[in-house]
Amino acid sequence: MSISTSRRGIVKLAAAALTGMAAVGVAGAAPAAGAPAGERRGISRIRIRTAAGTFDAVAAGPAYGRPVLLLHGFPEFGIEWEHQLRGLAAAGYRAVAPDQRGYSPGVRPVGDDKYRLDHPVADVRAMADALGWRRFDLVGHDWGAAVGWIVAARYAHRVRSFTAVSVPHLGAFAEALREDPVQQEASKYMDTFRQPSPIPENKILASGPPVLPGVSAQKCAEYFRRLCEPGALTAALNWYRANDFQGYSQPVRVPTLFVASMRDPFVAPSGVQATRRWVTGPYRLVNLDGVGHNIPEQAAGTMTTLLLTHLTGGGSSR
């Protein structure tokens, strides 16, 4: 839910003043958009058609491998997960990372209310149905984690396991927002993002491509290029405008891995530690040091290893 892993890093994307079952489309032969073929070899583009519209996605791995759905955050797109997609594919999984609601041009409804979390939660179920996945493993970072916590709690019969990255269970996060001054301070950037359109949009677009630790300039430029598409940035910011994280206290009972950072400027330790209270199934917290908020890219190898270990059933504990 952040712009960068450091407060100074917010400057480049949020401006210096801001100190933050339809059929699935056939996979294309071209590499994921915005990168040379050599960089993203083995990752293909697909389209997922649902009643809400058609989602763009990147995918890797054998068509009949054990399915894994990976949800990105802001300001990323599905290509945030490229390292994990390759790692999962090499291990025999079928991994799909969609561009979520508002990020996919085919699912970009107008209006803040269309971005309340219940909508992207329903999108996940619809995408799984469209892909023909009765059960699947779910992974989410940032806003993708927020969606994932709700999906894992609400559709436990569909979710084999859940991996959350950076963002706590929303019950814990909402509690921290109410009671922890550290989290309140860390979340002030959201107030800027919730300003009426086009105030934050103009500032962000004027600042140029973001600088995200561990992410190439080329990839940051690709994120920015896509957010410059008509309506894209407003849709992405509508996630902030539409949600206050209240009302999602249902516990998660599926096996859960939570990968957090000890240096995340946007998530206070209180919510990270409290998340245990909202997970009733097997649970493991890994709190990385020396990494910021965008763990899937900044600590790509570590994240992939942790994910693969979790999917094979290793390392869970209370």
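Which way do α2 and α13 cross, left-handed or right-handed? The crossing of these two helices is right-handed. Keep in mind that what you're looking at is a predicted model.

## How α2 and α13 pack

Let's start with that pair. Helix α2 covers residues 82-90 and helix α13 covers residues 300-311, and they pack with their axes 9 Å apart, at an angle of about 40°. That angle is why α2 and α13 count as oblique to each other.

If you want to find the contact, look on the α2 side for His-83, Gln-84, Gly-87 and Leu-88. On the α13 side, the residues to pick out are Ala-300, Gly-301, Met-303, Thr-304, Leu-307, Leu-308 and Leu-311. Sorted by class, this contact has 6 nonpolar and 5 polar residues, with no charged ones.

## A helix wrapped up by others

Now jump to helix α10, residues 232-242. Of its 11 residues, 10 are buried, so α10 is largely enclosed by the rest of the structure. Among the buried ones are Leu-233, Asn-238, Trp-239, Tyr-240 and Arg-241.

What does the covering over these buried residues include? You'll find α3 (118-131), α4 (143-154), α7 (189-193), α8 (199-207) and α9 (217-227) in it.

## α8 against α10

One of those covering helices, α8, is worth a look of its own. The axes of α8 and α10 come within 10 Å and cross at roughly 125°. That makes α8 oblique to α10, and the crossing is right-handed.

From α8, the residues involved are Pro-200, Glu-201, Ile-204 and Leu-205. They meet Leu-233, Thr-234, Leu-237 and Arg-241 in α10. By class, there are 5 nonpolar residues, 1 polar and 2 charged in this contact. Arg-241 of α10, which takes part in the meeting with α8, is also on the list of buried residues.

## α3 meets α4

Two more of the helices that help cover α10 are α3 and α4, and these also touch each other. Their axes come within 9 Å and cross at roughly 60°, so α3 and α4 are oblique to each other. The crossing is right-handed here too.

On α3, the contact is made by Asp-118, Pro-120, Val-121 and Val-124. On α4, look for Val-147, Ile-150, Val-151 and Arg-154. These residues divide into 6 nonpolar and 2 charged, with no polar ones.

## Leu-71, tucked into a strand

Leu-71 lies in strand β3, residues 67-71. With a relative accessible area of 0%, Leu-71 is buried.

What does Leu-71 touch, leaving aside residues up to four places away in sequence? The list includes Trp-81, Pro-98, Gln-100, Leu-138, His-141 and Gly-144. Val-124 and Val-147 are on that list as well, and both also belong to the contact between α3 and α4. There's a link across the sequence to notice, too: Leu-71 and Trp-143 are 72 residues apart along the chain, while their C-alpha atoms are 7.9 Å apart in space.

## A quick word on cysteines

How many disulfides does the structure hold? The count is 0. As for individual cysteines, Cys-220 counts as buried because its relative accessibility is 2%. Cys-228, at 41% relative accessibility, counts as partly exposed.

Key. Residues are numbered from 1 along each chain as its sequence is written. This is a predicted model: local features need pLDDT of at least 70, side-chain atom pairs count only at pLDDT 80 or more; totals for chains, interfaces and linings use all residues. Side-chain values use heavy atoms; hydrogens and water are left out. Buried means under 20% relative accessible area, exposed over 50%, partly exposed in between (1.4 Å probe, protein chains only). Helices (H or I, at least four residues) and strands (E, at least two) are DSSP runs, numbered from the N terminus. Contact means heavy atoms within 4.5 Å. Axes are lines fitted to C-alpha atoms, for helices over the stretch in contact, and angles run from 0 to 180 degrees between N-to-C directions. Angles under 35 degrees count as roughly parallel, over 145 as roughly antiparallel, 65 to 115 as roughly perpendicular and the rest as oblique. A crossing is left-handed if the near helix is turned anticlockwise from the far one by less than a right angle, and right-handed if clockwise. Ala, Val, Leu, Ile, Met, Phe, Trp, Tyr, Cys and Pro count as nonpolar, Asp, Glu, Lys and Arg as charged, and the others, Gly among them, as polar. A disulfide is a pair of cysteine sulfur atoms within 2.5 Å.
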